[in-house]
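Dear colleague,

I am passing on the structure below, together with some notes on the salt bridges in it. Please have it open while you read, since the notes move from one pair of residues to the next.

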Amino acid sequence: MAKPRKVIITCAVTGAIHTPSMSPYLPVTPDEIRDAALGAAEAGAAIVHLHARDPQNGKPTQDPDEFRKFLPAIKAKSNVVINLTTGGAPTMGVQERLQPALQLKPEVASLNMGSMNFGLYEMLGRFKDFKYDWEKPYLAESDDRIFRNTFKDIAYILESCSANQTRFEIECYDIGHLYTAAHFIDRGLIKPPFLIQSVFGLRGGIGNDMEDVMHMKRTADRLFGDDYFWSVLGAGRGQIPIATMSAAMGGHTRVGLEDSLWDGPGQLAKSNADQVKRIRTVIEALSLEVATPDDAREMLKLKGGNNVAF
């Protein structure tokens with residue numbers, strides 16, 4: 001009897017989409033981010049995708065020293081694969097966004113495959129009261145903000161990190177981003193196996209209809225063949241339905257409070273671990289197996305947790 005297929009769960013612990021006032025459960029301080037990452041790993045996440053925040057006001061930061069406040073403790077207490085952002089926030093330049101991955105040399109780092117409108121302003125219709133003065137303008141002004149990821153920016157990140165042997169979670173918010181990834185593969189800047197993270201449901205990117213998911217998968221199959229692993233990120237209420245589609249279609253999954261604050265209709269998730277447990281239940285109900293961190297390392301040909309700079 002064939003062994004069950006293994007599905008990698010990535011958990012995005014905290015990020016630049018949501019602000020602290022939106023949920024009391026969103027990790028902000030280094031201790032909260034550390035505990036959330038460890039909880040997600042214990043629940044079944046093979047990879048944790050990490051941003052940092054200013055502990056005084058919860059604002060996204062790419063200061064490597066803020067990452068150093070929680071990365072060593074996560075590494076000491078867990079075998080989980082650590083994935084650092086090079087996206088940071090849409091308000092940051094590429095040089096600032098690059099620093100954590102460049103200096104800390106993680107096994108995996110995220111990399112967005114294109115410039116795009118990145119509209120968060122509709123959240124103002126759902127959230128009215130803000131604790132910090134930066135939160136409301138950050139959302140409101142996103143109707144006139146471009147998340148910059150030019151060909152030059154992407155090449156700069158790839159070339160800067162090439163000596164680190166860091167592999168990339170290649171984030172594709174639309175079909176054209178898949179073709180951009182193929183372009184950098186042709187240039188020799190991205191090496192197989194590729195981890196293609198298809199992102200659905202963010203304003204400015206592809207939608208979250210089943211047809212959108214299938215279109216992304218068909219296009220990625222045609223462009224990358226057997227050289228890639230496909231994972232999905234569904235924003236907001238699309239998180240678990242889209243992750244379920246991916247698992248059923250032969251792919252992998254990403255959940256976490258960076259992408260969705262919810263654990264069911266109208267119910268805030270109390271932890272990242274809650275979301276990991278929910279998708280784990282789905283994966284196991286499909287008679288599939290949840291991949292361990294070492295499974296993920298083997299599948300993605302990662303350099304190993306001992307070869308990082310934290």
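In this predicted model, the side chains of E171 and R254 form a salt bridge, with 2.9 Å from N to O. The two residues come from distant parts of the chain, as E171 belongs to strand β10 (residues 167–172) and R254 to strand β13 (residues 252–255), 83 residues apart. Both E171 and R254 are buried.

A second pair to look at is R203 with E122, whose side chains also meet in a salt bridge at 2.9 Å, N to O. Because R203 sits in the loop between β11 (194–200) and α8 (210–224), while E122 sits in the loop between β8 (116–117) and α5 (135–140), this pair ties together parts that lie 81 residues apart in sequence. R203 is partly exposed, its relative accessible area being 48%, and E122, at 38% relative accessibility, likewise counts as partly exposed.

The third pair lies within one helix: E284 and R280 are both in α10 (residues 272–285), four residues apart, which is about one turn of the helix. Their side chains meet in a salt bridge of 3.0 Å, N to O. E284 is partly exposed at 42% relative accessibility, and R280 is partly exposed as well, with a relative accessible area of 28%.

Beyond single pairs, salt bridges with shared partners join E169, E171, R254, E258 and D259 into one network. For the model as a whole, the count comes to 16 salt bridges.

With best wishes

Definitions and conventions
Residues are numbered from 1 along each chain as its sequence is written. This is a predicted model: local features need pLDDT of at least 70, side-chain atom pairs count only at pLDDT 80 or more; totals for chains, interfaces and linings use all residues. Side-chain values use heavy atoms; hydrogens and water are left out. A salt bridge is a side-chain nitrogen of Lys or Arg within 4 Å of a carboxyl oxygen of Asp or Glu. Buried means under 20% relative accessible area, exposed over 50%, partly exposed in between (1.4 Å probe, protein chains only).
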